[in-house]
Amino acid sequence: AVILDVVYNHTSDDSPLWQIDSTAYHSTETVPWGKKLDLTKAPTLRYVRDNLRFWMDEFRIDGFRFDATEYIDNDFLLRLITDITAAGYGNRYFIFEEFSGTHNAAIQDYNTAAGQSVISSWGTGYKNAVWAAMVSGGSSADLGKITYYSKDDGWDRPGSVINYFSSHDEGTLTGKGMPKAVIRTAAVHLLTSMGIPMLWMGEEVRSPQQGNNAADPTAEAS
């Protein structure tokens with residue numbers, strides 16, 4: 001399957017949407033990376049919905065990873081998924097990069113109501129537990145619960161949560177100086193945990209990638 005990473009939480013100053021009309025598509029709120037798109041506005045919601053359908057119809061994209069959904073209005077984002085699935089795209093993958101507890105609870109409720117994992121949450125709970133135990137040299141009371149499917153966090157379907165311990169943000173465990181034994185232990189937890197495992201390319205061959213946090217390698221481990 002081909003899953004496309006899409007960014008609907010913000011644009012930049014040179015975006016056509018901002019240049020055409022800075023108020024029609026955007027919020028007065030700000031996000032760390034630019035101008036916040038406002039999905040509560042009908043033109044924006046329609047634009048994003050049409051954009052998703054274009055990718056699926058013209059390029060046969062199998063699903064999407066939505067960047068930083070914490071910065072997108074949750075109610076309208078879920079409405080968007082409902083519109084898309086009702087239009088005949090229910091067999092696609094929808095992954096939210098989500099860090100908000102309230103948003104994650106809404107995803108859980110959405111999937112429960114649907115009776116299946118329509119949306120998968122890509123959060124940091126799993127990574128934080130692994131790093132606290134293995135990178136920071138401490139321990140994590142959460143390691144057991146995330147290994148056994150994150151049930152204590154409310155996830156009741158394996159397809160509803162993405163598990164990982166390295167990504168483009170954090171880098172690889174090798175990049176943080178972890179020995180092979182630690183990486184193997186982390187991999188055993190990942191590949192036997194209930195949920196969808198995600199491996200960042202290069203981790204399997206011990207690629208020393210630092211990710212976006214290269215300037216402060218301890219930032220994501222705390």
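Reader: Which exposed residues sit on the face of α2 turned away from its buried side?
Author: Ala42 and Glu58. The model is predicted. Exposed here stands for a relative accessible area over 50%, and Ala42 and Glu58 are classed that way.

Reader: What makes the other side of α2 the buried one?
Author: Buried requires under 20% relative accessible area. Thr44, Leu45, Val48, Asn51, Leu52 and Met56 are the residues of α2 that qualify. They cover an arc of only 130° around the axis, so they fall on the same side of α2.

Reader: Why do residues three or four places apart point the same way in an α-helix?
Author: Because an α-helix has 3.6 residues a turn.

Reader: What do the buried residues of α2 pack against?
Author: Against β4 (34-37), β5 (63-66) and α3 (74-89). Contact here needs heavy atoms within 4.5 Å.

Reader: How do you know that the length of α2 agrees with its number of residues?
Author: Helix α2 runs over residues 42-59, which is 18 residues. At 1.5 Å a residue, the expected span is 26 Å. The end C-alpha atoms of α2 lie 25 Å apart, so the two values agree.

Reader: How does α7 fare under that test?
Author: Helix α7 holds 13 residues, 180-192, and should span 18 Å. Its end C-alpha atoms are 18 Å apart, so expectation and model agree.

Reader: Which residues of α7 are buried, and why are they assigned to one side?
Author: The buried residues are Ile183, Ala186, His189 and Leu190. Their arc around the axis is only 125°, which puts them on the same side of α7. What covers them includes α5, α6 (143-147), β8 and β9. The face of α7 turned away from that side carries the exposed residues Ala181, Arg184, Val188, Leu191 and Thr192.

Reader: What makes the phi of Arg60 notable?
Author: Most residues other than glycine have a negative phi. Phi of Arg60 is near 60°, a positive value, and Arg60 is not a glycine. Arg60 comes just after α2, in the loop between α2 and β5.

Reader: Why is Arg60 called exposed or buried?
Author: Its relative accessible area is 59%. The cut-off for exposed is over 50%, so Arg60 is exposed.

Reader: Where is Arg206, and which class of exposure does it get?
Author: Arg206 is found in the segment after β9. Its relative accessible area is 35%. That value lies between the 20% and 50% limits, so Arg206 is partly exposed. Phi of Arg206 is near 60°, again a positive value in a residue other than glycine.

Reader: What lines the largest pocket?
Author: The lining has 27 residues, with Ile3, Arg65, Ile95, Trp122 and Ile162 nearest the centre of the pocket. Two or more residues come from each of β1 (3-6), β6 (93-97), β7 (119-122) and β9 (196-197). The lining divides into 15 nonpolar, eight polar and four charged residues. The space in the largest pocket is about 550 Å³.

Reader: What is the volume of the second largest pocket, and what lines it?
Author: Its volume is about 260 Å³. The second largest pocket is lined by 18 residues, and Asn104, Gly123, Gly125, Asp153 and Trp155 are the closest to its centre. The elements that give two or more residues are α4 (101-114), α5 (125-134) and β8 (161-163). The largest share, four residues, comes from α4. Seven lining residues are nonpolar, nine polar and two charged.

Conventions: Residues numbered from 1 in each chain as written. Predicted model: local features only at pLDDT ≥ 70, side-chain atom pairs only at ≥ 80, totals over all residues. Heavy atoms only, no water. 1 Å grid on protein atoms, 1.4 Å probe; cavity = no way out; pocket = protein on both sides within 12 Å on 5 of 7 lines; lining within 4 Å. Points joined across faces, edges and corners; volume = space filled by probe spheres on them. Nonpolar A, V, L, I, M, F, W, Y, C, P; charged D, E, K, R; others polar. Expected span 1.5 Å × (residues − 1). Buried < 20%, exposed > 50% of the residue type's maximum accessible area, 1.4 Å probe, protein only. Arc of directions from axis to C-beta.
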